[in-house]
Amino acid sequence: MKGYKKQEEKQLEVLRHSTSHILAQAVKRIFPQAKLGVGPAIKDGFYYDFDIDGELLAKNLSRIKREMEKIIQEDIPFQKEELSKGEAKRLFEERQESYKLELLKDIEDDQVSVYRGGEFVDLCRGPHVESSGKVKHFALLSTAGAYWRGKEENPMLTRIYGTSFFTKEALDSYLKWMEEAKKRDHRRLGKELEIFGIYPDLGSGLAVYHPKGAIIREVIENFEKKEHMKRGYELVRTPHISRADLWKISGHLDFYKENMYVFSVNGEDYVLKPMNCPAHIVIYKSKQRSYRDLPLRLFELGTVYRREESGVLHGLLRLRGFTQDDAHIFCMPSQVVDEVRGVLQFSLFMMNTFKLGYKINLSTRPEKSIGSDILWEMSTAALREALIRENLDFDVAAGEGAFYGPKIDIQMEDALSRLWQGPTIQVDFNLPERFDLTYIASGGEKERVVMIHRVVLGTIDRFLGVLIEHLEGKFPLWLAPLQIKLLPITDKELSYAKGVYEKLIKEDIRAELDSRGEMLSYKIREAQLQKVPYMLVIGKKEKETDTVTIRRLNGENIKGVSLRELIRMLKEEISIRN
RNA sequence: GCCGGCGUAGCUCAAAGGAAGAGCAGCUGAUUCGUAAUCAGCAGGUUGUAGGUUCAAUUCCUAUCGCCGGCUCCA
């Protein structure tokens, strides 16, 4: 079954790659001056990069699409040709495809392949579908600027994104899915549901939480604090600014400066913290530590600020100021495996609590890194062992570790199928060195402590953004900012409804009474749009029988519920966090 | 930061070189109506900001700020 699926994915990739060639052919027909970049198949489609005025391409997308349809009509076969590198070089020189020549330079084989389709030739490993006529159901989606080979110092090309499927149904359902994803956009829902806002007057990349959002955060943060304390973490608090000297020792002023807000007061330099570790280290260093104190787990909901490039900001998912659920575990080398296992269990507990999927990566030593081989090997082995002992599937991301140590990344998948950094666990032998962090071992000698950096939700802000998209704004009862809305049908039930409301409030249920003189259906519509998990319909019948009618978001009704039963139900649902 | 697009009322959007418009939200009043929009009235804008072209600019030009799509998937 798995093999079959892979096979189908491969075929789709071939189709999409072929579609990208047809796109390139169409663009060359219309704009012969355009130079070809690259045009691979990607996760949900394909793209092709062109060196041409971006405006020109963007304005002619429908014309390009029509030309593509023509090429498909012509049913031009894709013909593979094997050439020597020299021959290929001559071919692309003749065609003045300078980018292709650059690619050619980097190919080590002497033999390369090109695909020809009528007048169009492209350097390509293939494979392709037999002919352009096999491509039927495609769409051009957007244009974008993209640096040649993704590097800022290179010229910017214009990229056209598109997708292609074997059937019309598949294409339609993909386009529908894109629409659906747009509806879940946390920025849109955040505004509609009055959860958060990002306002130019305040600064870009800086979020404010409106009352509803502040409640959600409060619930998540309290939950997190309790879960940390259960697991032997100690809560700390550290200031937002600190002396620059601290960041000099940590190395951040050398390695991370362009992302930091640094300022000077009376000739003394200060840093707005981009991370919490140095401050936690100061706490560790405040007294002599014994092996008996270890592991020491310091936890803080630490708000940090990083100067991100303006173009990468994206709602709550990418901010300049955000709060991490950050902890640093100071331990002996022999404790690393167990500590990492503990963090893994904790992280997955969190993912399960919020019903999110995840993928685990073990990131190993990058090219640019510091520290001895032995330390790298030991810590990578420790992470690996922890993963294996926890019986977890993981991929190895070679060379993706931090410059000071290997890490485990757990990625959460959101509604748009984007993977976002969630929990991370990093072993660090650099900072203990730089700050000379030691403990007194059982034999009385000073030993170097090991530090583990870890976050379990990552950043609360981003996590909330992902959660909004994941849930489509329909928060489960325990998280819902407004848990229940009381809807009296007429004024005659108002005082009865008020009594119910007051009892709910007394039980710490987040309730609101809609006492306006509107029709029931209007009140229901509004509560639906606000995605309030429970509504109480209170009319003549309810008043007479001293009950309420519950209406759930999905339209389901439960009639004749006593107040006591209602409170029991709500409390039960809140406590199991369902 | 870079490429492209977009900035009109709180929100969603229309118009357009010659008096800026609608729906929803808001406010006032009426309605008391049992499961996703009751009716009427009122108010709401230096068209992001600053320059320029023009008899005339919200529309055209320049700059600036902000937002959106992308810039890792390397034949």
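These legends go with a handful of close-ups of a predicted model of chain A with RNA strand B.

**View 1. How chain A splits into domains.** The domain assignment cuts chain A into domain 1 (2–180), domain 2 (188–471) and domain 3 (484–575). If you want a ruler for the scene, the C-alpha centres of domain 1 and domain 2 sit 40 Å apart.

**View 2. An open sheet built from three strands.** Here the strands run in the order 4-5-6, with antiparallel pairing. Strand 4 (79–84) and strand 6 (120–123) take the edges, and each has a single partner strand, so one side of each has no neighbour in the sheet. Going from one strand to the next, the twist averages 30°.

**View 3. Zooming in on strands 5 and 6.** Strand 5 (residues 111–117) pairs with strand 6 over four bridges, in the antiparallel sense. Look for Y115, which stands opposite D122 in strand 6. Packed on the sheet is helix 4 (residues 85–94), which touches strand 4, strand 5 and strand 6. The direction of helix 4 makes about 115° with that of strand 4.

**View 4. The protein surface around RNA strand B.** There are 51 residues surrounding RNA strand B, and the closest are C124, Y147, R187, M519 and R525. By type, the residues of this surface break down into 22 nonpolar, 15 polar and 14 charged. Which element gives the largest share of the surface near RNA strand B? That would be helix 17, with seven residues. Helix 17 (520–529) is one of several elements that each supply at least two residues; among them are also helix 2 (54–59), strand 7 (137–147) and strand 8 (156–165). Strand 5, from the sheet views, is on that list too, as are helix 18 (540–545) and strand 27 (548–552).

**View 5. Polar contacts with RNA strand B.** What part of the RNA does the protein see? Of the RNA strand B atoms within 4 Å of the protein, 45% belong to sugar or phosphate, and the rest to bases. Three contacts are worth picking out. For R125, a backbone N or O atom lies 2.6 Å from a sugar or linking oxygen of RNA strand B. K492 uses its side chain: a polar atom there lies 3.3 Å from a sugar or linking oxygen of RNA strand B. At K541 the partner is a base oxygen of RNA strand B, 2.8 Å from a polar backbone atom of that residue.

Note on methods: Residues numbered from 1 in each chain as written. Chains lettered and ligands numbered in written order. Predicted model: local features only at pLDDT ≥ 70, side-chain atom pairs only at ≥ 80, totals over all residues. Heavy atoms only, no water. Pairing = 2+ DSSP bridges. Axes fitted to C-alpha atoms, helices over the stretch in contact; angles between N-to-C directions. Contact = heavy atoms within 4.5 Å. Near = heavy atom within 4 Å. Polar contact = N/O pair within 3.5 Å; in protein donor to acceptor, adjacent residues only side chain to side chain. Nonpolar A, V, L, I, M, F, W, Y, C, P; charged D, E, K, R; others polar. Domains from an automatic or database assignment.
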